[in-house]
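Here are some short exercises to work through with the structure in view. Try each task yourself before you read the solution.

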Amino acid sequence: MRHNKKFNHLGRKSSHRHAMLSNMANSLIEHKRIFTTLAKAKALKVYFEPMVTKAVKSNDSIHARRVVFQNLQNRTTVTELFGPIAEKVGDRPGGYCRILKLGRRQGDDAMMCLIELVDFNEDRVKEKKSAGSGKTRRTRRSKKSSAATQAATAPAAEPTESAPAAEPKAESAE
């Protein structure tokens, strides 16, 4: 029976799979985004997000660092995970990675994607800041209310527009 064997084995033995996920997690911490197949990205997300949660919630304890080091086997990436990454995503309640699908690879038609750390994409952070700084807020209205508003304002607007327009013409003629 296949009880409790739900995760994707990715066509590899367990030691190869753990080594691959560890290397991908190190690359993700170092570069903040990596290109890979969709299946590997989903497996990496399940593997990586508990480590980020441990870095955020542990208050930088030695035990938490050792537990994460067991998985990553790289001192510099553990330091970076517990330093700038944990500070930047500390207020987030989860969902530290984003997977963006890119299409299919030409050689074998595998679904490709980009997996990235959420708060480290400068383009999206700039978009949020620029969208938040806008002072006007647009709302959607139904056609009935906008047609009624235009009909009510149209007769009142025409006489006021024609009166000031006639005065400058008379002044320019003199």
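The exercises below start with the whole chain and then turn to single elements and residues of this predicted model.

**Exercise 1: the chain as a whole**

Task: Find how many helices and strands the chain has, and in what pattern they follow each other.

Solution:
- Step 1. Count the elements: the chain has 6 helices and 3 strands.
- Step 2. Walk along the sequence, and the pattern reads α-β-α-α-α-β-β-α-α.
- Step 3. Turn to burial: of the 174 residues, 29% are buried.
- Step 4. Look at contacts with a separation of 6 or more: 54% of these involve residues 24 or more positions apart.

**Exercise 2: helix H4**

Task: Describe the span of helix H4, locate its kink, and say what its buried residues pack against.

Solution:
- Step 1. Helix H4 covers residues 75-88, which is 14 residues.
- Step 2. From first C-alpha to last, H4 reaches 20 Å, close to the 20 Å expected at 1.5 Å a residue.
- Step 3. Follow H4 to Leu81, where there is a kink of about 35 degrees, shortly before the proline Pro84.
- Step 4. Pick out the buried residues of H4: Thr77, Val78, Leu81, Phe82, Gly83, Ile85 and Ala86. Leu81 thus appears both at the kink and among the buried residues.
- Step 5. See what surrounds them: the buried residues of H4 pack against the helices H1 (14-31), H2 (38-57) and H3 (62-72), and against strand E3 (111-117).

**Exercise 3: salt bridges**

Task: Three salt bridges are Arg65 with Asp60, Asp119 with Arg92, and Arg105 with Asp108. Which of their residues are buried or partly exposed?

Solution:
- Step 1. Begin with the general idea: side chains of opposite charge can pair when their charged atoms come close.
- Step 2. In the whole structure, 6 salt bridges are found.
- Step 3. For Arg65 and Asp60, the closest N and O atoms are 2.7 Å apart. Arg65 is partly exposed at 26% relative accessible area, and Asp60 is partly exposed at 40%.
- Step 4. Asp119 and Arg92 meet at 2.8 Å, N to O. This pair links distant parts of the chain, 27 residues apart: Asp119 is in the loop between E3 and helix H5 (122-132), and Arg92 is in the loop between H4 and strand E2 (97-104).
- Step 5. Use the cut-off for buried, which is under 20% relative accessible area. Asp119, at 17%, counts as buried, while Arg92, at 24%, is partly exposed.
- Step 6. For Arg105 and Asp108, the closest N and O atoms are 2.9 Å apart. Both count as partly exposed, Arg105 at 35% and Asp108 at 48%.
- Step 7. Elsewhere, Arg33, Arg98 and Glu116 are joined into one network by salt bridges that share partners.

**Exercise 4: charges over a ring**

Task: Find which charged ends sit over the ring of Phe120.

Solution:
- Step 1. The charged end of Lys32 sits over this ring, 5.2 Å from its centre.
- Step 2. The charged end of Lys88 also sits over the ring of Phe120, 4.6 Å from its centre.
- Step 3. Now check for aromatic pairs: the structure holds 0.

**Exercise 5: the loop between H2 and H3**

Task: What is the phi of Asn59, and what is the phi of Asp60?

Solution:
- Step 1. Locate the residues: Asn59 lies in the loop between H2 and H3, and so does Asp60.
- Step 2. Asn59 has a positive phi near 60 degrees, although this residue is not a glycine.
- Step 3. Asp60, also not a glycine, has a positive phi of about 60 degrees.
- Step 4. Compare accessibility: Asn59 is exposed at 70%, whereas Asp60 is partly exposed at 40%.

Definitions and conventions. Residues are numbered from 1 along each chain as its sequence is written. This is a predicted model: local features need pLDDT of at least 70, side-chain atom pairs count only at pLDDT 80 or more; totals for chains, interfaces and linings use all residues. Side-chain values use heavy atoms; hydrogens and water are left out. Helices (H or I, at least four residues) and strands (E, at least two) are DSSP runs, numbered from the N terminus. The expected span of a helix is 1.5 Å times one less than its number of residues. The bend at a residue is the angle between axes fitted to the seven residues ending there and the seven starting there. Buried means under 20% relative accessible area, exposed over 50%, partly exposed in between (1.4 Å probe, protein chains only). Contact means heavy atoms within 4.5 Å. A salt bridge is a side-chain nitrogen of Lys or Arg within 4 Å of a carboxyl oxygen of Asp or Glu. Rings of Phe, Tyr and Trp (its six-membered ring) pair if their centres lie within 6.5 Å; planes under 30 degrees apart count as stacked, over 60 as edge-to-face and the rest as tilted. A charge sits over a ring if NZ of Lys or CZ of Arg is within 6 Å of the ring centre and within 35 degrees of the ring normal.
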